[in-house]
Amino acid sequence: MGGVPPSRPAVALAIPVVLVLIAGCGPPPEPPEPTLPATPTSTATGSPPPTFPGEVPTFEPTAPSGEFSEQFAVDCGGEPSGDEVIDLLRAEDVVAAGADAEVTDGPRCSGTWQYTVVTVPDLDPLQVVTEGEPGDLELVTAGTDVCTPEIRIQAPPGIQSAAGCAF
């Protein structure tokens with residue numbers, strides 16, 4: 001039942017081979033560190049970055065027709081202009097004809113609505129919400145607090161957020 005015992009030269013060769021094989025066994029290598037994808041930049045066709053209350057993202061509208069997303073209030077790109085908003089305020093007797101009015105924020109567009117901040121010397125900043133196409137704007141409300149029920153119910157989320165009305 002026994003077999004032929006191995007010769008000494010075979011054993012002498014087997015020992016280093018076994019030692020090399022054993023030496024190769026060690027703790028497994030560490031997995032590579034996970035890498036996060038690069039932070040995406042906002043583009044006309046990309047997803048917008050996250051926003052926080054009162055923060056207004058700055059990216060262009062995604063619709064080729066020029067209509068703006070209702071989710072965000074973004075720069076209107078001069079359509080309508082700040083002067084057009086001030087002219088509307090003068091026509092509605094919100095700002096006196098001779099008053100030195102200046103747009104300090106906006107207009108920002110969301111859907112077909114606009115949000116603008118106008119300053120007049122010696123008065124609190126005036127928040128202005130308008131609706132309509134450039135050249136045919138309608139004044140929705142203007143004042144130091146524009147969070148009226150109409151704005152809270154009917155205005156797009158972008159206008160509500162820009163005006164500080166978002167829940």
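**Group meeting talk: a five-stranded sheet and its surroundings**

Let me begin with one residue, Tyr115, which, once residues up to four places away in sequence are set aside, touches Asp105, Gly106, Pro107, Arg108, Gln127, Val128, Val129, Ile159, Ala162 and Ala163. Apart from the core that I will come to later, there is another one, of 12 residues, with Val85, Leu88, Ala99 and Val120 among them. Please keep in mind throughout that this is a predicted model.

Stepping back to the whole chain, we have four helices and five strands, and read along the sequence they follow the pattern α-β-α-β-β-β-β-α-α. The chain has 167 residues, of which 29% are buried, and it exposes about 11,200 Å², with carbon and sulfur atoms supplying 58% of that area. If we take the contacts between residues at least 6 apart in sequence, 41% of them join residues at least 24 apart.

Now to the sheet. The five strands form an open sheet in the order 1-2-3-4-5, and the pairing is antiparallel. Strand 1, residues 74–75, and strand 5 stand at the edges with a single partner strand each, so that one side of each has no neighbour in the sheet. Helix 2, which covers residues 82–91, packs on this sheet and touches strand 2, strand 3, strand 4 and strand 5, its direction making about 70° with that of strand 5.

Let me take the pairs in turn. Strand 2, residues 102–110, is joined to strand 3 by six bridges in the antiparallel sense, and here Glu102 stands opposite Thr119 of strand 3. Strand 3, residues 113–119, then runs antiparallel to strand 4, again over six bridges, with Val129 in strand 4 as the bridge partner of Tyr115, the residue I started from. The hairpin that these two strands make has six residues between the strands, and within it Asp122 takes a positive phi near 70°.

On its other pairing, strand 4 is joined to strand 5, residues 136–143, by seven bridges, and these strands too run antiparallel. Val129 has Thr141 as its bridge partner in strand 5, while Val128 stands opposite Ala142. The hairpin of strand 4 and strand 5 has two residues between the strands, and Gly135, in the turn, has a positive phi of about 90°.

Why is strand 4 described as largely enclosed by the rest of the structure? Of its eight residues, 126–133, six are buried, and that is why the description applies.

Turning to the nonpolar interior, the largest core has 14 residues, and those that touch the most other members are Trp113, Tyr115, Val129, Ile151 and Ile159. Strand 3 and helix 4 each supply at least two residues of this core, and the largest share, three residues, comes from strand 3. As general background, nonpolar side chains in soluble globular proteins tend to be buried together.

I would like to close with two polar residues. The first is Ser110, which belongs to strand 2. Is Ser110 buried or exposed? Its relative accessibility is 0%, and since buried means under 20%, Ser110 counts as buried. The side chain of Ser110 reaches the backbone oxygen of Phe72 at 3.3 Å, and, leaving aside neighbours within four places in sequence, Ser110 is in contact with Phe68, Ser69, Glu70, Gln71, Phe72, Ala73, Pro156, Gly158 and Ile159.

The second is Gln160, in helix 4, which spans residues 157–162. With a relative accessibility of 12%, Gln160 also counts as buried, because that value falls under the same 20% limit. Which backbone oxygen lies 3.1 Å from a polar atom of the Gln160 side chain? That oxygen belongs to Arg152, and Arg152 is also on the list of residues that Gln160 touches beyond four places in sequence, together with Ile151, Ile153, Ala155, Cys165 and Ala166.

Technical notes: Residues numbered from 1 in each chain as written. Predicted model: local features only at pLDDT ≥ 70, side-chain atom pairs only at ≥ 80, totals over all residues. Heavy atoms only, no water. Buried < 20%, exposed > 50% of the residue type's maximum accessible area, 1.4 Å probe, protein only. Polar contact = N/O pair within 3.5 Å; in protein donor to acceptor, adjacent residues only side chain to side chain. Contact = heavy atoms within 4.5 Å. Pairing = 2+ DSSP bridges. Core = buried A, V, L, I, M, F, W, Y, C linked by side-chain atoms within 4.5 Å. Axes fitted to C-alpha atoms, helices over the stretch in contact; angles between N-to-C directions. Areas by Shrake-Rupley, 256 points an atom, 1.4 Å probe, with all protein chains shown as cover.
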